[in-house]
There are 2 protein chains.
Amino acid sequence: MPYYIGDVIKDYHKLVIRTPEAFGKTGINVKIKTRVEDIDPQQGLVRLSDGAQIPYDILVMATGAEAVRLDIPGADLDGVFVLRNLTDALRIKSYLNEKHCRKAVLIGGGFIAMEMCEALRNLGIETTVAIRGCRPVTRWDVEFTDIIVEELKKNEVYFLPETKFLAIEKGTTHSLVLKTDKGHLDADIILMGVGTRQDATLTKAAGIELGASGAIKVDFRQRTSVPGIYAVGDCCEVFHKVAQRWVHLPLGDIANKQGRVAGQNIGGRPAEFPGVVGAQSFKVFSLEVGATGLTEKEAVKYGFQPVSAMIQGLPVGRPMAQGEKLGVKLVADRATGKLLGGQCIGAKGAIQRIYALSVALWSGLSIEEVGYLDLPYAPPFGGAWDAIHVAAQEITKAM
Amino acid sequence: MPYYIGDVIKDYHKLVIRTPEAFGKTGINVKIKTRVEDIDPQQGLVRLSDGAQIPYDILVMATGAEAVRLDIPGADLDGVFVLRNLTDALRIKSYLNEKHCRKAVLIGGGFIAMEMCEALRNLGIETTVAIRGCRPVTRWDVEFTDIIVEELKKNEVYFLPETKFLAIEKGTTHSLVLKTDKGHLDADIILMGVGTRQDATLTKAAGIELGASGAIKVDFRQRTSVPGIYAVGDCCEVFHKVAQRWVHLPLGDIANKQGRVAGQNIGGRPAEFPGVVGAQSFKVFSLEVGATGLTEKEAVKYGFQPVSAMIQGLPVGRPMAQGEKLGVKLVADRATGKLLGGQCIGAKGAIQRIYALSVALWSGLSIEEVGYLDLPYAPPFGGAWDAIHVAAQEITKAM
């Protein structure tokens with residue numbers, strides 16, 4: 001009789017209609033508003049905050065990751081939210097409505113912050129993105145972030161780079177004021193998207209080994225170092241097929257796959273999770289933004305010899321073009337000739353290319369092959385030589 | 001000093017500003033309105049219709065394919081066009097304008113006919129598609145053609161299946177009348193898209209071997225059986241990586257690639273064309289339609305043991321869905337577990353999936369791997385489990 005313990009679920013049931021009672025009928029017990037205080041792998045016991053002890057044969061760590069709050073005064077004031085889970089989303093939504101928010105400040109420039117910009121602007125809320133660094137979504141190269149910053153401006157999002165955050169205080173004209181080294185920012189709501197961290201209390205208690213990334217170390221079957229304990233999702237590592245090493249990549253689709261693989265293994269149908277290539281995407285206003293594999297910087301870090309090419313291609317055949325742009329950057333390894341990664345940006349067709357490139361990375365294709373891939377050419381969807389081909393051939397020439 | 005001989009080019013120059021004179025300046029001579037009457041590979045000579053003889057060291061056959069006209073009375077009347085090259089397109093365009101055409105009949109239901117439907121309807125022209133068979137674009141399975149026929153109807157294209165074409169005559173209310181076993185169809189213009197054939201006169205004269213498909217047999221460097229003679233484009237075969245045999249697949253992007261490979265080899269930089277996987281797409285009104293690899297029928301023909309799954313997926317994450325549909329059909333081989341092909345249809349995201357599936361076919365991935373591919377998940381572009389994953393896992397279960 002498996003147990004699920006969580007607090008996210010108390011809001012989640014509103015959407016999926018899975019109340020603890022509904023789970024109960026399926027033979028699954030769900031405990032909400034309950035913390036696991038300790039794990040005892042020797043005895044196969046989980047100790048709960050309500051004093052109960054639950055014996056287990058198999059334990060799955062699916063603890064996710066915790067959103068970080070800036071360590072500044074006022075970071076926990078009413079009206080300051082983190083961007084992490086559904087509970088956060090529902091709380092933010094209620095707050096925006098109830099308080100009739102007109103002015104929002106986003107601290108942090110990750111892809112979720114970018115998505116929030118669009119959501120907030122769609123509600124007509126004046127939005128500022130303030131970040132410590134000089135550009136948002138640092139996974140993407142500067143050629144791409146320049147375009148993204150342009151898109152933010154075009155949609156009247158104020159972008160404030162290289163900002164030091166000093167404190168959040170109650171405001172006068174608006175409910176909050178964010179004090180920075182660049183001045184004071186009024187806000188009805190402040191959203192923090194400045195990264196995640198993991199609560200290592202439980203893993204330490206259970207003696208579960210962590211990987212180099214700090215997340216739980218697992219094998220291809222999602223088993224941790226402790227017999228009988230599995231881990232899935234944002235709390236554990238995943239094998240990166242391009243980097244050929246275990247990394248921490250907390251993304252929803254990966255978590256889903258790991259959950260299924262763990263479930264199969266627990267259920268007695270051995271399965272291995274083949275790993276990932278680092279495929280990722282988001283939409284910000286009219287822009288599709290995608291990346292897959294390694295950036296040049298990551299490639300160097302992992303011992304490759306990256307060669308790259310950036311092109312401005314077309315998402316449609318030339319005769320149909322009406323000013324569309326499609327930025328494609330590819331990275332390959334000089335030593336092996338293999339594709340290492342790609343980034344795409346554009347109002348149309350960027351994700352289409354990241355789909356193809358992700359499979360090319362998965363399969364370990366050479367950059368030369370990428371230059372001749374058979375893609376479903378038709379003028380509404382690309383040129384006879386696709387932007388991918390053009391970029392790949394640029395690199396082939398350079399090598 | 002290479003020669004190009006063609007007649008398409010006389011219209012093409014209007015678009016690309018490459019007059020014979022412009023070519024001449026680059027050291028390239030272009031002869032227009034000239035036929036090659038004979039090839040003599042022994043002497044390395046090409047004999048032209050104007051009586052001239054051109055000696056060659058290297059000869060490239062880039063003769064394309066010729067559109068077939070129905071063998072019925074009146075098939076060559078004024079106002080009856082084939083759908084083949086740019087010259088045809090320009091002639092059709094002029095004719096539509098000059099004659100103020102209000103009523104068109106398309107004979108044939110290939111993907112170019114489908115594209116023409118959209119073009120004609122956009123001009124406000126009443127359009128009928130009449131075909132001999134029972135469904136259009138027979139490369140796609142019936143689940144897909146049903147959706148396409150629905151889309152035609154929705155856009156007020158009259159679809160007339162299982163039609164016998166008897167004759168075309170001059171009309172009274174309209175300039176033409178197409179007589180069929182289902183009655184008479186008035187038309188201001190009739191477009192025939194009923195396939196292509198190859199003029200074998202030259203290849204026979206030169207002693208160039210044809211493949212099983214009837215198109216010119218080439219090797220991976222685009223060399224024909226006759227030393228010094230290359231072939232590229234719709235006149236020659238191409239290697240199908242999934243079928244593992246040489247096929248005839250007359251598509252523009254393939255022709256482009258073959259041209260480059262031949263050019264490299266002729267120029268002294270040996271290159272091999274790796275082949276194709278049969279990726280293909282078109283747009284018809286609001287629908288993206290794509291296919292890649294083999295259909296079940298083709299798979300059987302080539303000795304595979306196909307297992308297939310068709311799903312109705314989503315092109316976006318479930319919480320963002322607003323009634324969109326994405327049809328995905330995958331085919332795999334029971335014996336090897338490999339992906340053999342895929343078809344996708346939908347208003348959004350179909351081609352994106354065909355891009356990924358084409359690379360998966362190129363790389364010979366198993367259906368099991370396709371079920372766990374790392375794709376760039378974000379709700380505006382797909383679910384955490386992509387429609388591709390879902391379809392692949394359906395097949396994995398079935399195997």
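Which residue with a positive phi follows H4(B)? In this predicted model, the residue that comes after H4(B) is Gly124(B), and its phi is positive, near 75°. The helix itself, H4 of chain B, covers residues 111-122, and its 12 residues reach 17 Å from the first C-alpha to the last, close to the 16 Å expected at 1.5 Å a residue. Several of its residues are buried, namely Ala113(B), Met114(B), Met116(B), Cys117(B), Glu118(B) and Leu120(B). When reading such a list it helps to recall that an α-helix has 3.6 residues a turn, so residues three or four places apart point the same way.

Earlier in chain B, three strands are linked by two hairpins. Strand E3 (residues 36-40) of chain B pairs with strand E4 (residues 45-48) of chain B in the antiparallel sense over 4 bridges, and within this pairing Asp38(B) stands opposite Arg47(B) in E4(B). The hairpin of E3(B) and E4(B) has 4 residues between the strands, and there Gly44(B) takes a positive phi near 65°. E4(B) also pairs with strand E5 (residues 53-55) of chain B, again in the antiparallel sense, over 3 bridges, with Leu45(B) opposite Pro55(B) in E5(B). The hairpin that E4(B) and E5(B) form likewise has 4 residues between the strands, and Gly51(B) in its turn has a positive phi of about 95°.

The glycines above can be set beside two residues of another kind. Most residues other than glycine have a negative phi. His100(B), although it is not a glycine, has a positive phi of about 50°; its place is in the loop between helix H3 (86-98) and strand E9 (103-107) of chain B, and His100(B) is exposed, with a relative accessible area of 60%. In chain A, Gln244(A) is a residue other than glycine whose phi is positive, near 55°, and its place is in the loop between strand E18 (238-240) and strand E19 (245-247). Gln244(A) is exposed as well, its relative accessible area being 54%.

A buried position in chain A offers another view. Ile168(A) lies in strand E12 (residues 165-170) of chain A, and because its relative accessible area is 3%, Ile168(A) is counted as buried, a term that requires a value under 20%. Its contacts, not counting residues up to four places away in sequence, include Ile72(A), Pro73(A), Leu77(A), Val80(A), Ile190(A) and Met192(A). Gly74(A), which is 94 residues away along the chain, has its C-alpha atom separated by 4.6 Å from that of Ile168(A). Strand E12(A) runs antiparallel to strand E13 (residues 176-180) of chain A, to which 5 bridges join it; Ala167(A) stands opposite Lys179(A) in E13(A), and the hairpin formed by E12(A) and E13(A) has 5 residues between the strands.

How are the two chains arranged? A rotation of 180° with 0.0 Å of shift along its axis superposes chain A on chain B, with an RMSD of 0.0 Å, and the two copies are therefore related as by a two-fold rotation axis. The same surface serves both copies, since 100% of the contact residues of chain A recur in chain B. At this interface, 44 residues of chain A are in contact with 44 residues of chain B, and the chains bury about 4,200 Å² between them, 64% of it on carbon and sulfur atoms. Tyr355(A), Tyr372(A) and Asp374(A) supply 21% of the area that chain A buries against chain B, more than any other three residues. Across the interface of chain A and chain B, the rule finds 0 salt bridges.

Key
Residues numbered from 1 in each chain as written. Chains lettered and ligands numbered in written order. Predicted model: local features only at pLDDT ≥ 70, side-chain atom pairs only at ≥ 80, totals over all residues. Heavy atoms only, no water. Expected span 1.5 Å × (residues − 1). Buried < 20%, exposed > 50% of the residue type's maximum accessible area, 1.4 Å probe, protein only. Pairing = 2+ DSSP bridges. Least-squares fit on C-alpha atoms with pLDDT ≥ 70 in both. Contact = heavy atoms within 4.5 Å. Buried area = accessible area lost by both parts, 1.4 Å probe. Salt bridge = Lys/Arg side-chain N within 4 Å of Asp/Glu carboxyl O.
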